[in-house]
Amino acid sequence: CSSQGLYRLRYSFDLSYVYTFHSLDLLDPAGTRVRSVVDYTFGHFFSGALGVTDFWQVGFTLPLFSRARFESATADPSPGPENVFEVGDLKVAMKLRAIDSNRHRFGLAFEPFATIPLGADDHYLGESKATGGVKNACRVR
């Protein structure tokens, strides 16, 4: 997270991809892998932001998992892996720039955010409830 933000009526769109392998494994007490609950995922992250004023921007990120290989962690014996297509949790955020690093030797911004549970928590691709917080960012030139 950078302390710089978008100026008034400027916008930004982004598409990024992520591939994970063995991101969630089930282990026995000795630490030996029993099975891979989430074997792999291929995710696409759509992001956008708009500068409302010169110091305030709003934005979102929506993940979409076009391919996720999932196996139940609780079923014994497991019925086997299944491939799922899921939407992740929507993140909405705003960035409030307190000190502009283009005008000063350092910058400071705060980014309050919230996630809206759209993802499949039963496939470990999302949360079951809303989350949120605040990030801060600083930059020294």
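Me: Which strand does β3 (residues 56-70) pair with, in what sense, and over how many bridges?

Reply: In this predicted model, β3 pairs with strand β5 (residues 90-99). The sense is antiparallel, and six bridges are counted. As one example of how residues face each other there, G59 stands opposite A93 in β5.

Me: Which strand is joined to β5 by seven bridges?

Reply: That is strand β6 (residues 106-116), and the two run antiparallel. L96 has F110 of β6 as its bridge partner. β5 and β6 form a hairpin, with six residues between them.

Me: What does β6 pair with besides β5, and over how many bridges?

Reply: β6 also pairs with β7, in the antiparallel sense, over ten bridges. G107 and R139 of β7 are bridge partners.

Me: Does strand β7 (residues 131-140) lie largely buried or in the open?

Reply: Burial is read from relative accessible area, with under 20% taken as buried. Of the ten residues of β7, one is buried, so the strand lies largely in the open.

Me: How many helices and strands does the whole chain have?

Reply: The protein chain has zero helices and seven strands. Read from the N terminus, the order is β-β-β-β-β-β-β.

Me: How should I read the radius of gyration of the protein chain?

Reply: Set it beside the value for a compact globule with that number of residues. For 141 residues such a globule would come near 14 Å, but the protein chain has 19 Å. The spans along the principal axes can be read beside this: the C-alpha trace covers about 60 × 30 × 25 Å.

Me: What share of the residues is buried, and what is the accessible surface made of?

Reply: Of the 141 residues, 30% count as buried. The accessible surface comes to about 8800 Å², and 59% of that belongs to carbon and sulfur atoms.

Me: What share of the contacts joins residues at least 24 apart?

Reply: The count takes contacts between residues at least 6 apart in sequence, and 57% of these join residues at least 24 apart.

Me: How far apart are the mean positions of the positive and negative charges?

Reply: Each sign is averaged over its own charged groups. Here there are 15 positive and 15 negative charges, and their mean positions are 16 Å apart.

Me: Now a single residue. Is V38 buried or exposed?

Reply: The cut-off for buried is under 20% relative accessible area. V38 has 4% relative accessibility, so it counts as buried. V38 is found in strand β2 (residues 33-51).

Me: Which residues is V38 in contact with, leaving aside neighbours within four places in sequence?

Reply: The contacts of V38 are H22, S23, L24, R69, F70, H123 and Y124. Sequence separation and distance can be read together for another pair: V38 and Q57 are 19 residues apart along the chain, and their C-alpha atoms are separated by 35 Å.

Me: Why look at the sign of phi in residues other than glycine?

Reply: Most residues other than glycine have a negative phi, so a positive value deserves a note. One case is L9, with phi near 65 degrees. Another is H22, with phi near 55 degrees.

Me: Where do L9 and H22 lie?

Reply: L9 lies in the segment before β1 (11-27), whereas H22 is found in strand β1. L9 is exposed, with a relative accessible area of 56%. H22 counts as partly exposed, at 25% relative accessibility, and is among the residues in contact with V38.

Terms used. Residues are numbered from 1 along each chain as its sequence is written. This is a predicted model: local features need pLDDT of at least 70, side-chain atom pairs count only at pLDDT 80 or more; totals for chains, interfaces and linings use all residues. Side-chain values use heavy atoms; hydrogens and water are left out. Helices (H or I, at least four residues) and strands (E, at least two) are DSSP runs, numbered from the N terminus. Buried means under 20% relative accessible area, exposed over 50%, partly exposed in between (1.4 Å probe, protein chains only). The radius of gyration is taken over C-alpha atoms; the globule rule is 2.2 Å times the number of residues to the power 0.38. Contact means heavy atoms within 4.5 Å. Accessible areas come from the Shrake-Rupley method with a 1.4 Å probe; for residues, only the protein chains shown count as cover. Lys and Arg count as positive and Asp and Glu as negative; His and the chain ends are not counted. The place of a charge is taken as NZ of Lys, CZ of Arg, CG of Asp or CD of Glu. Two strands pair if DSSP finds at least two bridges between them.
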